[in-house]
Amino acid sequence: MTSDANPEGLLLAGRRVAFLGKLGGVTKREAQRLVRQQGGTPLDDPSHGADLIVIGADELPLSDTDDLLDAAARQAAAAGKLEIIGETQLWQRLGMMESEQNVRRLYTPAMLADLLDVSVATIRLWHRRSLIVPARTVRRLPYFDFQEVATARRLAQLLAAGVSPAAIQKKLAELSRFVPEVERPLAQLSIIIEGRQLLLRQGAGLIEPGGQMRFDFDAFEESSESAVTDADGATLSIEQYLAEPSVPPAKEEVLDMAAQFEDDGRLEDAAEMYRVALSASGPAPEICFQLAELLYRMGDLAGARERYYMAIELDEDYVEARANLGCVLAELGQPDLAISAFQGALKYHSDFPDAHFHLARTLDELDRRDEAEDHWRKFLALAPDSPWAEEAASRLDNVEPE
């Protein structure tokens with residue numbers, strides 16, 4: 001329905017729009033053209049009466065030098081006179097997020113892990129803590145867009161400095177008190193990494209999480225080590241904790257402890273807590289999947305295989321469990337079963353790029369080149385920007401002509 005003031009139903013009618021930072025989806029000129037098409041007025045300088053500021057997807061999370069949002073802009077936003085959104089949010093409003101240009105730039109957890117040179121388990125931890133948010137989810141499989149790639153790069157930088165995901169989450173929550181209109185400060189604001197600390201750039205100065213005092217990550221992480229304590233604060237081992245004749249912990253508490261153990265690299269303890277959660281609340285596909293991931297990282301391929309099977313038995317269209325099962329079966333020397341697992345994943349999600357990639361590779365290794373070629377081509381069509389695209393293209397170049 002359109003109003004008299006906006007008879008054509010233009011989505012940005014009457015809006016004065018300024019773009020800040022480097023755009024990830026289009027050039028600035030193209031973005032301004034889209035604003036005009038939707039009835040808005042693009043501005044080069046937000047101080048010239050902008051009522052909508054769009055933060056570029058690529059520039060902001062990586063920038064440590066530009067004061068993209070000055071004090072006046074923040075005050076106007078707090079007073080409701082100015083709206084500040086991310087580039088992705090703008091494209092969503094304009095109905096562009098399902099266009100080929102953007103869909104082709106989505107990354108699965110495995111692709112994102114390879115792109116950033118971190119483990120897939122790390123990507124999953126960030127996802128579970130909502131430090132990165134998928135653009136879409138298909139049958140439990142998250143896909144991350146270019147804005148989340150930029151955010152993940154910042155997280156990888158913090159991880160390299162030795163900061164745990166729990167510490168990042170806590171400090172971002174503290175910083176967000178200073179910009180309540182911003183939902184995700186790491187993605188939307190100029191968060192600066194200084195050693196192991198997070199600082200918020202505001203105007204000409206920097207705000208520390210406490211407001212004035214700089215935060216000591218070392219002190220935080222020493223005080224929040226993943227030891228379990230009893231009611232009197234005494235430290236307990238996992239064995240002592242589980243043997244305590246107290247009220248059983250809630251499922252969420254156990255899963256939080258498992259995630260903390262994963263943060264600290266205590267994989268066996270994390271696996272034990274996942275088993276506790278399964279024993280206490282019954283089988284759940286997501287927990288079986290997480291336990292399978294841990295067992296794989298610990299080198300227990302047979303154990304991982306059984307947990308992936310269990311996840312699929314509980315949720316037959318859990319496509320990522322099917323694909324990961326295929327990878328484990330291939331490593332265990334069962335390529336025919338691996339092919340079946342990959343084909344099962346594609347039955348439920350035919351555009352799952354990871355499954356096409358691993359299926360093509362397995363078929364290649366069995367000298368089933370013609371079948372492999374179809375899946376290499378499908379993979380490249382779905383994920384041309386993937387860190388695996390070079391291998392796929394190379395495999396196609398080596399295909400012998402008939």
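1. Strands 1 and 2. In this predicted model, strand 1 and strand 2 run parallel to each other and pair over 3 bridges. If you want a spot to find this pairing on screen, look for Val17, which stands opposite Pro42 in strand 2.

2. The other side of strand 1. Strand 1 also pairs with strand 3, again in the parallel sense, this time over 4 bridges. Here Leu20 is a handy marker, standing opposite Ile55 in strand 3. Is strand 1 buried or exposed? Of its 5 residues (16–20), 4 are buried, so the strand is largely enclosed by the rest of the structure.

3. The far end of the sheet. Strand 3 (residues 52–55) pairs with strand 4 in the parallel sense, over 4 bridges. Val54 has Ile85 in strand 4 as its bridge partner.

4. The sheet as a whole. Put together, 4 strands make an open, parallel sheet, in the order 2-1-3-4. Strand 2 (41–43) and strand 4 (83–86) are the edge strands; each has a single partner, so one side of each has no neighbour in the sheet. From one strand to the next the twist averages 30 degrees. For anyone colouring side chains here, remember that in a regular strand they alternate between the two faces of the sheet.

5. Helix 6. This helix covers residues 120–128, and its buried residues include Ala121, Thr122, Ile123, Arg124, Leu125 and Trp126. Just after helix 6, Ser130 has a positive phi of about 65 degrees. Keep helix 6 in mind, as the helix comes back in both of the next two points, among the elements lining the largest pocket and among those lining the largest cavity.

6. The largest pocket. How much space lies in the largest pocket? About 640 Å³. Its lining is made of 27 residues, and those nearest the centre are Val120, Tyr296, Asn324, Cys327 and His358. Five helices are worth displaying for this view, namely helix 5 (109–116), helix 6, helix 14 (285–297), helix 16 (319–331) and helix 18, as these are the elements that give two or more residues to the lining.

7. Cavities. Rolling a probe the size of a water molecule over the atoms shows where empty space is left. Searching the whole structure this way turns up 2 cavities of 30 Å³ or more. The largest cavity has a volume of about 70 Å³. Around it sit Ala121, Arg124, Arg128, Glu262, Tyr274, Gln290, Glu293, Leu294 and Arg297. Helix 6 and helix 14 are the elements that give two or more residues to this lining. Which helix gives the most? Helix 14, with 4 residues.

8. Aromatic pairs. The count of aromatic pairs comes to 6. Take Phe357 and Trp376: their ring centres are 5.4 Å apart and their planes stand at 80 degrees, so the pair is edge-to-face. This pair links distant parts of the chain, with Phe357 in helix 18 (residues 353–365) and Trp376 in helix 19 (residues 369–382), 19 residues apart. Phe357 counts as buried, at 2% relative accessibility, and Trp376 is buried too, with a relative accessible area of 0%. Both belong to one aromatic cluster, together with Phe379 and Trp388.

9. Arginines over rings. Two cases are worth a look. Arg136 lies over the face of Tyr143, 5.9 Å from the ring centre. Arg140 does likewise with Tyr318, lying over the face of that ring at 5.0 Å from its centre.

10. Glu320. This residue is placed in helix 16. Is Glu320 buried or exposed? Its relative accessibility is 6%, so it counts as buried. From Glu320 to Phe342 is 22 residues along the chain, and their C-alpha atoms are separated by 9.6 Å.

11. Pro353. Look for Pro353 in helix 18. Its relative accessibility is 4%, so Pro353 counts as buried. The C-alpha atoms of Pro353 and Lys378 are 7.8 Å apart, while 25 residues separate the two along the chain.

Key: Residues numbered from 1 in each chain as written. Heavy atoms only, no water. Buried < 20%, exposed > 50% of the residue type's maximum accessible area, 1.4 Å probe, protein only. Pairing = 2+ DSSP bridges. Axes fitted to C-alpha atoms, helices over the stretch in contact; angles between N-to-C directions. Phe/Tyr/Trp six-rings, centres within 6.5 Å; stacked < 30°, edge-to-face > 60°. Lys NZ or Arg CZ within 6 Å of the ring centre and 35° of its normal. 1 Å grid on protein atoms, 1.4 Å probe; cavity = no way out; pocket = protein on both sides within 12 Å on 5 of 7 lines; lining within 4 Å. Points joined across faces, edges and corners; volume = space filled by probe spheres on them.
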